[in-house]
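Open your viewer and show the backbone as a cartoon. Keep a selection box ready.

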Amino acid sequence: MFDFRYHLVSLAAVFIALAVGILLGAAISGKLGDAEDALMKDRLASVNDQLTQERARSDIVERRSQAAEELLGDAYPALMANRLEGKNYAVLFLGPVDGTERSAVERTLADADGGSPARLVALDTPINPDDLDATLQSDEQLAHYAAGGDDFGDLGEALGQDLVAGEGTPLWSSLSSRLIEERSGTTSGAVDGVIVVKTWKEPETLGDAQQQSETNSTESLFEGLVRGLESTGLPVVGVEPSSGESDVALFRQQQGVSSVDDVDTVAGRLALALLLAGAEPGHYGVKDTATSGVAPPIEPVPTTTSG
């Protein structure tokens, strides 16, 4: 049989083993905690290093961008001089006139020695299909353009060609009370290209059937206008400012129609002038829809020499 002293020794051994276990556990835990702290510090240091490198890269990119802008700004007058001299251009607003965009377009023409727009037309939007249809049907010469619905694509195509040809723009004149919100310039003489500014925005949500019909009519007229302009073979350029989301989808539907999504900038005005002068059509600017780059290749302005 075991005596009391054996129990005391056994109990003491258990407590000693427990104490040793606690001490060993604390030591191991402390070492693991130190290791985890060291690992976390290493990771934080690595992240901070990466952030520092990214900030440095960002600073370099920003400085390069600023230098490029300054260089372009210095070269801009020489690149624009005489580029559109002796040319006439029409400006078509698909919706009300926007003062900022109008100013950017007019500045482009002036900087490239193209003078003021030969004519400017702003559409009264949205289109009321019933009123427009009634006007068309009441005129024997225009009745074949009547949609009998909300598709005015054929009318738009004819209007686009009429805007370019001039000759009094008879179709526009006949429909001025239904289509034109603002008009300026001359109606005589052909133009050498057209700048299109889409300021009308489709409703985010369509309400009743009338609003749906007006939206469909307006969009079909726009599409027809762009087709008609493109069919003339002259430069047609849709423009918009660099701020806001891109809205150049209308101009991407026709092969020969170009767009510039930053016409309020130096680079955008240069791109517009190059396109009006006959550069390779494309979609230029700074937004995701600018699939052709910032601007077309810059060709020297042809010079004339006297014999």
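Here is a short tour, stop by stop.

This is a predicted model: local features need pLDDT of at least 70, side-chain atom pairs count only at pLDDT 80 or more, and totals for chains, interfaces and linings use all residues. Residues are numbered from 1 along each chain as its sequence is written, and side-chain values use heavy atoms, with hydrogens and water left out.

**Stop 1: strand β2.** Select residues 119–123, strand β2. Helices (H or I, at least four residues) and strands (E, at least two) are DSSP runs, numbered from the N terminus. Five of the five residues of β2 are buried, meaning under 20% relative accessible area with a 1.4 Å probe, protein chains only. Arg119, Val121 and Leu123 point one way; Leu120 and Ala122 point the other. In a regular strand the side chains alternate between the two faces of the sheet.

**Stop 2: the partners of β2.** Add β1 (residues 90–94), which pairs with β2 in the parallel sense over four bridges. Pairing requires at least two DSSP bridges between the strands. Ala90 stands opposite Arg119. Now add β3 (residues 180–185), paired with β2 in the antiparallel sense over five bridges. There, Ser184 is the bridge partner of Leu120.

**Stop 3: Ser258.** Select Ser258 in strand β6 (residues 257–260). Is Ser258 buried or exposed? Ser258 counts as buried because its relative accessibility is 3%. Its side chain reaches the backbone nitrogen of Gly282 at 3.0 Å.

**Stop 4: helix α7.** Select residues 209–231, helix α7. Its end C-alpha atoms are 33 Å apart, which agrees with the 33 Å expected for 23 residues at 1.5 Å a residue; the expected span is 1.5 Å times one less than the number of residues. Just after α7, Gly233 takes a positive phi of about 80°.

How values were computed: Buried < 20%, exposed > 50% of the residue type's maximum accessible area, 1.4 Å probe, protein only. Polar contact = N/O pair within 3.5 Å; in protein donor to acceptor, adjacent residues only side chain to side chain.
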